[in-house]
Amino acid sequence: MNLVPLQLVTFVLVLHLVFIQSGFFDDVKTELGFKWYAERKEFIPWLGVELMPFNTMVNYGYAFVGGYWHGYFTRPNTRHTLNLIQATPQQTFQLFGEMFGLYTVMYFGIQFYRVVYHTQPSAVLDQWITPTIFAHVIIWLSRIPGNGKLACKLRSVHPIFLYILSFSGYFLTLISPFGFEVDLGVHICIAVYLACEAQYLIGDSGSLKCLLKCLLCCVGFVVLKLLDLPLKEFWTPNCLSGHFLSKLCDIGQIYYSAELMDKFQKLSKDKDKEK
């Protein structure tokens, strides 16, 4: 088993935790407590805690999807290299694919801890790691051969610098209460633009369907999360709160993102063979 992807993801997680545990973001605006959720809490005797069963259990979807894609992108006897200049496109694609699966599994743990314990550090980590995962997708998209002008510009910049730039974006939360929303919004827009650019240049009908599913899930995730409490007035099933449904959309977004990347990679290879 090649440990490079796991080591990289672990390093990113630890870097976030170091800043969070230092108290740097103790005053950042986050949504803590059951009052921010439409689902009613219940006492679970065998755990000895109050929690929202559906909003808690849905997080296992991240682990299943992340584990699936990590296994899919993992190839036996592959030697990963951190020198992406010397790495082949296939090696780079595989490295980023394995890391994406591991990020998703890691996100399961972060989401699970946050929704059960409602602590400020877990809420900050949940916010901060989300743009980081989008940054990973942005860098991944930029590495697809045949992508457009923006991808070429990003590809000319070392991934470490792009990660640092993304990492620094969360510090906007120290300046504005809407810093997280601005930071995440920029990441989402860049990722969507790169995906649409890749679709235009190398995509086919199959990748288009996958892209549309991914975008639909992304919109559903944002809208349903914002409507969680308003929907409570008109929506009676406790198991189908807006937040719960938004999580299903988020898991779908992750699944289709990885599928889309796989399709783009195969289409790019086919176009290279045609030349």
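# Exercises on helix faces, contacts and empty space

In helix H3, the buried residues are Gly-61, Tyr-62, Val-65, Gly-66, Trp-69, His-70 and Phe-73, where buried means under 20% relative accessible area, exposed means over 50%, and partly exposed lies in between, computed with a 1.4 Å probe on the protein chains only. This is a predicted model, in which local features need pLDDT of at least 70 and side-chain atom pairs count only at pLDDT 80 or more, while totals for chains, interfaces and linings use all residues. Residues are numbered from 1 along each chain as its sequence is written, and side-chain values use heavy atoms, with hydrogens and water left out.

## Exercise 1: helix H3

Task: Determine how the buried residues of H3 are placed around its axis.

Solution: Helices (H or I, at least four residues) and strands (E, at least two) are DSSP runs numbered from the N terminus, and H3 covers residues 60–73. The buried residues of H3 cover an arc of only 150° around the axis, so they lie on the same side of the helix; the arc is that of the directions from the helix axis to the C-beta atoms. As for length, H3 has 14 residues and reaches 20 Å from its first C-alpha to its last, close to the 20 Å expected at 1.5 Å a residue, the expected span being 1.5 Å times one less than the number of residues.

## Exercise 2: helix H1

Task: Check the length of H1 against its expected span, and then describe its buried side and what covers that side.

Solution: The 18 residues of H1 (residues 4–21) should span 26 Å, and the end C-alpha atoms are 25 Å apart, which agrees. Next, the buried residues of H1 are Val-4, Pro-5, Val-9, Val-12, His-16 and Ile-20. Because these residues cover an arc of only 160° around the axis, they are on the same side of H1. The face turned away from that buried side carries the exposed residues Gln-7, Phe-11, Val-18 and Gln-21. The buried residues of H1 are covered by elements that include H4, H5 and helix H7 (159–169), a contact being heavy atoms within 4.5 Å. Finally, Gly-23 follows H1 and has a positive phi, near 90°.

## Exercise 3: helix H7

Task: Which residues of H7 are buried, and which are exposed on its other side?

Solution: The buried residues are Pro-159, Leu-162, Tyr-163, Ser-166, Phe-167 and Gly-169. Seen down the axis of H7, they fall within an arc of 150°, so they line one face of the helix. On the other side of H7, Ile-160, Phe-161 and Leu-165 are exposed. What covers the buried residues of H7 includes H1, H4, H5, helix H6 (149–155) and H8.

## Exercise 4: two residues and their contacts

Task: Is Thr-30 buried or exposed, and which residues does Ile-110 touch?

Solution: Thr-30, found in the loop between H1 and strand S1 (42–44), is buried, with a relative accessible area of 12%. Leaving aside neighbours within four places in sequence, Thr-30 is in contact with Gln-120, Ala-123, Val-124 and Gln-127. Thr-30 and Phe-180 are 150 residues apart in sequence, yet 9.6 Å apart in space, C-alpha to C-alpha.

Ile-110 is found in helix H4 and is buried at a relative accessible area of 7%. Not counting residues up to four places away in sequence, Ile-110 touches Leu-13, Ser-122, Leu-125, Asp-126 and Ile-129.

## Exercise 5: pocket and cavity

Task: What is the volume of the largest pocket, and what is that of the largest cavity?

Solution: On a 1 Å grid over the protein atoms alone, a cavity is a set of points where a 1.4 Å probe fits but cannot get out, and a pocket is an open set with protein on both sides within 12 Å along at least five of seven lines; lining residues have an atom within 4 Å of a point. Grid points are joined across faces, edges and corners, and a volume is the space filled by probe spheres set on the points.

The largest pocket has a volume of about 1100 Å³. Of its 44 lining residues, the closest to its centre are Phe-180, Leu-184, Phe-221, Val-222 and Lys-225. By class, its lining has 27 nonpolar, eight polar and nine charged residues, where Ala, Val, Leu, Ile, Met, Phe, Trp, Tyr, Cys and Pro count as nonpolar, Asp, Glu, Lys and Arg as charged, and the others, Gly among them, as polar.

The count comes to one cavity of 30 Å³ or more, and the largest cavity has a volume of about 40 Å³. Its lining consists of Pro-89, Thr-92, Phe-93, Trp-140, Arg-143, Ile-144, Pro-145 and Gln-265, with H4 giving the most, three residues.
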